[in-house]
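Colleague: Please take a close look at the salt bridges in this model. Walk me through the buried ones and what surrounds them.

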Amino acid sequence: LYVSDSNNNAIRQVDSAAGNAVSTLLGNNYPTPTPGLVDGLLAVAKMKTPAGMALDATNEIVYLADRENHVVRKFPLVAAPYLATIAGTGVAAFVDDAPGATAQFNDVFTVAHHGTSLYVADYNNFRIRGIDLSNANFDVNTVIDHSGGGNVGGVSVVGDRLYTFQNYARIEAFSFVLETDAPTEAPTDAPTQGPTVVDSGL
């Protein structure tokens, strides 16, 4: 089990085969957690409020939403993982239709993997962004624009459908059929009965 230990700026591992022993996989900042934006191995890698994670189809690569760094990162599930930034500059802004190295996000909340695409809940830009994993540029573009409906706090993929939700107290869950793996084209099947609205009671 892998856990985003957000306030400790670390990724932790819980090993059920070793009596649920907990160890630090990335973000070796103890005893004083030190936030930062540094790629590298355990001894040097730094994050700032890591949040949602997603495995690729092989269960070998983890994609990470690094919230307060406003970037998307990845690391392999190996003995000595290397944390690498694939999209975002570390500046909270909005730059779209651009390679990962120059694209910008504002509070990367969660991520979801599907085929050769990674979908990103760009919370304060009110959008679902797509990252093309099929080339080394990691091109980024907007897949779903929720700018008229509030912050986008979550994204997930179940089968061939993409689900998002907005805000905290009132969750609007939209689903779309993913007709292509390329994030350059937005899912075209709108919900047949509009968004499903769930009141969390908060």
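Modeller: What follows covers the salt bridges, then the cores and one sheet.

This is a predicted model, in which local features need pLDDT of at least 70 and side-chain atom pairs count only at pLDDT 80 or more, while totals for chains, interfaces and linings use all residues. Residues are numbered from 1 along each chain as its sequence is written, and side-chain values use heavy atoms, leaving out hydrogens and water.

The structure holds seven salt bridges (a side-chain nitrogen of Lys or Arg within 4 Å of a carboxyl oxygen of Asp or Glu). One of them links Asp-96 to Arg-129, with the closest N and O atoms 3.2 Å apart. Asp-96 lies in the loop between β7 (84-87) and β8 (108-114), and Arg-129 lies in strand β10 (residues 127-132), so the pair ties together parts that are 33 residues apart in sequence. Strands here are DSSP runs (E, at least two residues), numbered from the N terminus.

Arg-129 also meets Asp-122 in a salt bridge, at 2.6 Å from N to O. Arg-129 counts as buried, at 0% relative accessibility. Buried means under 20% relative accessible area, with a 1.4 Å probe and protein chains only. Asp-122 is buried too, at 0%.

Salt bridges that share partners also join Asp-39, Asp-66 and Arg-73 into one network. Within it, Arg-73 and Asp-66 bring their closest N and O atoms to 2.8 Å. Arg-73 is buried at 0% relative accessibility. Asp-66 is likewise buried, with a relative accessible area of 0%.

Now the nonpolar side. The largest nonpolar core has 17 residues, of which Val-72, Ile-86, Phe-105 and Ile-131 touch the most other members. Such a core is a set of buried Ala, Val, Leu, Ile, Met, Phe, Trp, Tyr and Cys residues joined through side-chain atoms within 4.5 Å. Two or more residues each come from β5 (61-66), β7, β8 and β9 (117-122). Another core lies apart from it, with eleven residues, including Phe-109, Ala-112, Val-143 and Val-152. In soluble globular proteins, nonpolar side chains tend to be buried together.

Last, the sheet. Three strands form an open sheet in the order β1-β2-β3, with antiparallel pairing. Two strands pair if DSSP finds at least two bridges between them. β1 (2-5) and β3 (21-26) are the edge strands, each pairing on one side only. Five bridges join β2 (residues 10-15) to β3. Ile-11 stands opposite Leu-26 in β3.

Conventions
Buried < 20%, exposed > 50% of the residue type's maximum accessible area, 1.4 Å probe, protein only. Helix = DSSP H or I, 4+ residues; strand = E, 2+ residues; numbered from the N terminus.
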